[in-house]
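Trainee: Please take a close look at one part of this model and describe how that part fits into the whole. I should be grateful for a single connected account.

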Amino acid sequence: MAVTDKKGRVADKIALVTGGADGIGLAVAKLLAQEGAKVIIADINDAKGVLAAKLVRGTFLHLDVSNEASWQEASNKIKAKFGRLNILVNNAGILGQGAQDPEHVTLADWRKIHAINLDSVFLGCKYAIGLMKKSGGSIVNMSSRSGIVGVPFAAPYASTKAGVRNHTKSVALYCAAKNYPIRCNSVHPASIMTEMWKAMLGTGQTFKKNLKHHSEHIPMKRFGTVLEVAQAVLFLASAESSYTTGSELVVDGGTLAGTLTSPDTNIKKKV
Ligand SMILES: NC(=O)c1ccc[n+]([C@@H]2O[C@H](COP(=O)([O-])OP(=O)(O)OC[C@H]3O[C@@H](n4cnc5c(N)ncnc54)[C@H](O)[C@@H]3O)[C@@H](O)[C@H]2O)c1
């Protein structure tokens, strides 16, 4: 499909976006709809989900991504209503609250975060393969910068995102081996301003101070926007990335490109 196609870059595609009621998922849903897709917003937040679906002139589906029965039901509904699925964005995820370091995190928390962030991606891919293997499709899994490096005070989150990154490659290779017309790639954002970050940065003056402090450590010296992540997802969802599978697209303002302990950075600062 040509980029200039007036019908849109994902025209007539059926797209499911999990966690589409808010944040990055909502931005993805909006952009896919703007580019011609019929969008299904899946979320556990029914109130926000219904509003979001109205906004994109799409459909809302109550879906708890960690629950297999919920995926089965969603898959049946999509089959009955649309007969196919072309794009799945496995976006829903949580960070976890309270102690999240390897020494103090509880097993219950560890399991909960893995269920929502990683079981979800396994289940989403499993059911999407069934819905996509005849009509063709693209799966985009939302990993994170934290799926590539360790995060000492968000250890379960980092573990889930590393799992998402690796499972993406297994799904991509499996589909290629089976000759299924399905691609699967991961996106790795960092420091994107959504509710997830707002909860960590605090409020009022604390928010401003934390925002400034964190931004100073990002090479591009600013947070990213949800649209900047949505644009990466759109590329992977569309035929523009037709030879790309099992890959990872980093959207992090340069964070993973280097290290703060690099000698030239430290020396330059002193000069
Ligand atoms: N914001 C960032 O800087 C950042 C960085 C890296 C990765 N990510 C990833 O991007 C994704 C979206 O993050 P966000 O910042 O937009 O978060 P957000 O909290 O703004 O939105 C998350 C959405 O997921 C939904 N959700 C939560 N649990 C669910 C469940 N069990 N089933 C279905 N929906 C559920 C929520 O209701 C919400 O609508 C997450 O996977 C997150 O880990 C975000």
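Mentor: Setting aside neighbours within four places in sequence, V233 is in contact with four valines, V28, V89, V140 and V187; contact here requires C-beta atoms, placed from the backbone, to lie within 7 Å. The model is a predicted one, in which local features need pLDDT of at least 70 and side-chain atom pairs count only at pLDDT 80 or more, whereas totals for chains, interfaces and linings use all residues. Numbering starts from 1 along each chain as its sequence is written.

V233 belongs to the largest nonpolar core, which holds 69 residues, and is one of the members that touch the most others, together with A15, L32 and I41. Such a core is a set of buried Ala, Val, Leu, Ile, Met, Phe, Trp, Tyr and Cys residues joined through C-beta atoms within 7 Å. A residue is buried with 20 or more other C-beta atoms within 10 Å of its own, exposed with 12 or fewer, and partly exposed in between. Helix α4 (residues 107-132) supplies the largest share of this core, eleven residues. Helices (H or I, at least four residues) and strands (E, at least two) are DSSP runs numbered from the N terminus.

Two of the valines that V233 contacts also face each other across a pair of strands: V89 stands opposite V140 in β5. Strand β5 (residues 137-142) pairs with β4 in the parallel sense over four bridges, where pairing requires at least two DSSP bridges. Strand β1 (residues 14-18) is likewise parallel to β4, over three bridges, and A15 stands opposite I87 in β4. In a regular strand the side chains alternate between the two faces of the sheet. In β4 (residues 87-90), I87 and V89 lie on one side, L88 and N90 on the other, and all four are buried.

The ligand is surrounded by 29 residues, of which G19, G23, G93, S144 and T194 are the closest; membership requires a C-beta atom, placed from the backbone, within 6 Å of the molecule. Helices α1 (23-34) and α6 (195-201) are the elements that give two or more residues to this shell. By type, the shell divides into 14 nonpolar, eleven polar and four charged residues, with Pro counted as nonpolar and Gly as polar.

Away from the core, three exposed positions provide a contrast. R57 has a positive phi of about 50° without being a glycine; it sits in the loop between α2 (46-55) and β3 (59-62) and is exposed because 9 C-beta neighbours lie inside 10 Å. N179, also not a glycine, has a positive phi of about 65°. N179 is in the loop between α5 (155-177) and β6 (182-189) and has 8 other C-beta atoms within 10 Å, so it is exposed. K212, in helix α7 (residues 204-216), counts as exposed with 10 such neighbours. Between K212 and I129 there are 43 Å, C-alpha to C-alpha, and 83 residues in sequence.

For the whole chain, there are nine helices and seven strands. Its radius of gyration is 19 Å, close to the 18 Å of the globule rule for 271 residues, so the chain is as compact as a globular protein of that length; the radius is taken over C-alpha atoms, and the rule is 2.2 Å times the number of residues to the power 0.38. Of these 271 residues, 43% count as buried. Among contacts between residues at least 6 apart in sequence, 71% join residues at least 24 apart.
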